[in-house]
Each structure stands twice: as C-alpha cells, then as structure tokens.
Amino acid sequence: MQATITYLLTEQAQRAQMAATGQPVARKQTMTVEVAAEDLVLCTVADDGTATIEPLRSDHRPALLAAGWSDDSMLSATTYAPDVIADIKRGNALLAGAYAGAIAATERYIAATPALSMESPDHSYRIAVPFTALPKSPILHLHPRIENKWDSYGIYSTAIDETTQQLLRARAQAQRAEWLMESGAAIDTFLADLAARTHPSYKGATITIGANVPIGERHPRYGDLWTEAASRNAADEAAKNVAEAAKEQLKQDYIDAWIAKSGDAELQQQHADQLLCRKTVLALIAKEAFGDYAAIPDPPRCRNSDCPCTDGFIECLPRKVYPAWKAIEQALPGIEAKFSKVRDCLRGDEENGYGYDGETAGPVYYTADLTLQVGPFQMERKVKLG
Ligand SMILES: [Zn+2]
C-alpha cells in the first residue's frame, strides 16, 4: 500500500535545503512511500491514520546504526528520507542475526564453564560472557539487549535455550547442596566442640566458624548456630564477672585483715567509715612489705641522643653492687627484679638544658625494679642498689 509520511525537518536540515535550492523550505514535509502492512509497526500511527516515523527514537537508532547510518546522518532529512523503513528493517535483521550468533556462542560458553550457575530460576539475569567467547562483531555493541562491560557482554539468561537454562539451575542446586553439606559439617563440629567460640557483632551478621567458614543469615541453620554461639559468649561473660568479683573480694578481705592487724585506731575508724582511699591503704601495705627499701623517682632523661644520660635494662650486675641486691633478695622472699644501669640527665628539661656546656649526665648507678606479691596484690617499686 502507499502511505504518506509526514515529518519535520530539523532547523539544521531546513537551513541546508534552503541553501541548496535557494527557495524557502517548509519545516513540515511529506513523502509518499510504498509500505507493507507489517511495516506499520515501525511507525507511530495516529487515530486519523497519519503515520509518523521518528528515526531518532531510541528503538530505531541501533537498527539505523547497524544499517550504516551515523548519528550525524540521522539529523539530515535529505539523506535518510526515502530509505528509512528499508534501513530500519535491514538494521533490525542484522542485529537479530548478530544476537542469535551471540546466544549460540553463549550457550557453548556456558557448557564449557562449569562454575557458571543460575541461582534463581524465576528471574532473568545477565550472564557475563567474555568478548573473546563471542563472534567479533561491532553490531553487538549496538544491540539494545546486550550490556557492554569493559571485558564482557551481558547476555540475558532468558535468551538462552531452555536446556542451557536447566543446566545452569542444576549446577546451582548442586552447588547449594555441596555448600549445605560443607557448612553443615562445620556447624556440627562447632556445636560438638564446647570450647569453640565465635563473636558475630550482631544477629544477622555473618558468623565465622572453624577454619574461616562463613555462615550467612540465609543459611537454614543460622538461627540455631547464633543461639548456641550467643549462649556460650554469655556464659563466658558471666563466668568472667564471677571470677572478677571473687578476685575483688579477696582484695577487700586482705585489706580488712591488714587494717585490723596493722592499722592504728584512727585508720581503723576511717576504714569503718568507708572514707579510706584504696590508693592510700595500698601505699601503707607496700611500705610495710618493702620495709627499708624506699622507692626512688624515675631517673631524669632527655631526648637528645648525643647526651650520655641513660636508663637501660642490664642482664648482669657489677660485683660491688651485687651484695646490695642479695640483701634485698634475702629480706623479701619471693621478690623479683629487673636491673638497670642509670646516668641521670643534668640538662634539666630540654629547653633549659639547651646550650648547657658542662658534663650533661651524672655518675653511673644501678637500680632494681622490684615486684613483690603481697596477698592478692602485685606491688612494684624502683630502688637504688648503689
Ligand atoms: Zn640527657
């Protein structure tokens, strides 16, 4: 049948035609073409029978590009007008052929790639097929059903044949069965080992057990695993609190007994009034435990690496210092010590010491960092050995 197609020139095309003919050119143009009834689907047909074709409509653009048009020629009415329907049909056929080839290649690629699977059988998903697995064709890039990634094409799973879809689903089921078996074994091991622990940060977070086996919230046994893991962690916390309370009670009992035995009336009264600081009573206990061995302050040091001031641990003692240590060891059974060789810094603080031109470090002496277990308390102090 014959159809009259009405179209609008772009301003650019209108100007081009006016320049070419030297005549005024109307924006609205018509042409009569031979159209088969089935070609009308390519046009927009209005109620009054007016057929309009819009080459720039996005659904015709890939076909026209496949037929050899450029985006520029679509803007020029003089170029496209007579052949537009034939070109759209030809382009669509080229696209369909390229896509059919891509689908066949995709099916071969799936068959040869056992890791590919399709979890959900119900919705279409895109299979990433490497460029190298598909026929080389610039037309594929134009196909509206194909997504171009940087190194692959996305092909819709609904486009592949039913047998290949079933293969993908069967693989997904096998993978899931294997995952359930492996993760189930890890869960059994965790549940059987009462000493095993895991600490997911919240319910719903992935739980990691065994040798780094992650159990996500969607695992059918997640709930049971969470309950057991949380109950073990809660029991640990309770046991820790009990142990800490018992330790604290021991300390309290020791302090009570010490004050009753060694404190004077005033100290006993202050303690009874609960107004005695723990720090104070611990200092009194330490003073009694260490007896004659008074604490010395930390030796003054500076940060200047050229200064000979020093305070470093040593593994052995000079002979003249050894007797002082031996006396401490005998007086305080169970004492432990770390020894240091020291020279005090004489520069004062770093700013005031700047420009100090005398000897900047004092004579060598030796210290011991003592540790003494007194009842439930571990007491420490630094003493000078000589
Ligand atoms: Zn110094």
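Okay, let's start with the four-stranded sheet. This is a predicted model, by the way. The sheet is open, and its strands come in the order β10-β11-β12-β13, with antiparallel pairing. So who's sitting on the outside? That would be β10, residues 310–314, and β13, residues 377–384: each has a single partner strand, so each is left with one side that has no neighbour in the sheet. As for twist, neighbouring strands here are turned by 25 degrees against each other on average, if you ignore direction.

Let's zoom in on one of those edges. β10 pairs with β11, residues 336–345, in the antiparallel sense, and five bridges hold that pairing. If you want a spot to click on, take T310, which stands opposite R343 in β11.

Now, the other sheet I wanted to show. This one is open too, with three strands in the order β5-β7-β6, again with antiparallel pairing. β5 and β6 are the edge strands, with a single partner strand each, so one side of each goes without a neighbour in the sheet. β6 is just 147–148, and two bridges join it to β7, running antiparallel. Which residue in β7 is the bridge partner of N148? It's Y153.

Hang on to Y153, since that residue takes us into the core. The largest nonpolar core has 24 residues, and the members touching the most others are A66, A102, L140 and Y153. Where does the core come from? At least two residues each are supplied by α2 (61–66), α5 (84–111), β5 (126–130) and β7 (152–156). The largest share is from α5, with nine residues. As a general point, nonpolar side chains in soluble globular proteins tend to be buried together.

Back to Y153 for a second. Leaving out residues up to four places away in sequence, Y153 touches A102, V129, F131, L134, L140, I146, E147 and N148. So N148 turns up on that contact list as well as being the bridge partner of Y153. Apart from this core there's another one, with seven residues, including I187, I209, I215 and A229.

Last stop, up at helix α1, residues 11–21. Buried or in the open? Of its 11 residues, the number buried is one, so the helix lies largely in the open. Right after α1 comes G22, and its phi is positive, near 70 degrees.

That's my tour, happy to take questions.

Definitions and conventions:
Residues numbered from 1 in each chain as written. Predicted model: local features only at pLDDT ≥ 70, side-chain atom pairs only at ≥ 80, totals over all residues. Core = buried A, V, L, I, M, F, W, Y, C linked by C-beta atoms within 7 Å. Buried ≥ 20, exposed ≤ 12 C-beta atoms within 10 Å, placed from the backbone. Contact = placed C-beta atoms within 7 Å. Pairing = 2+ DSSP bridges. Axes fitted to C-alpha atoms, helices over the stretch in contact; angles between N-to-C directions.
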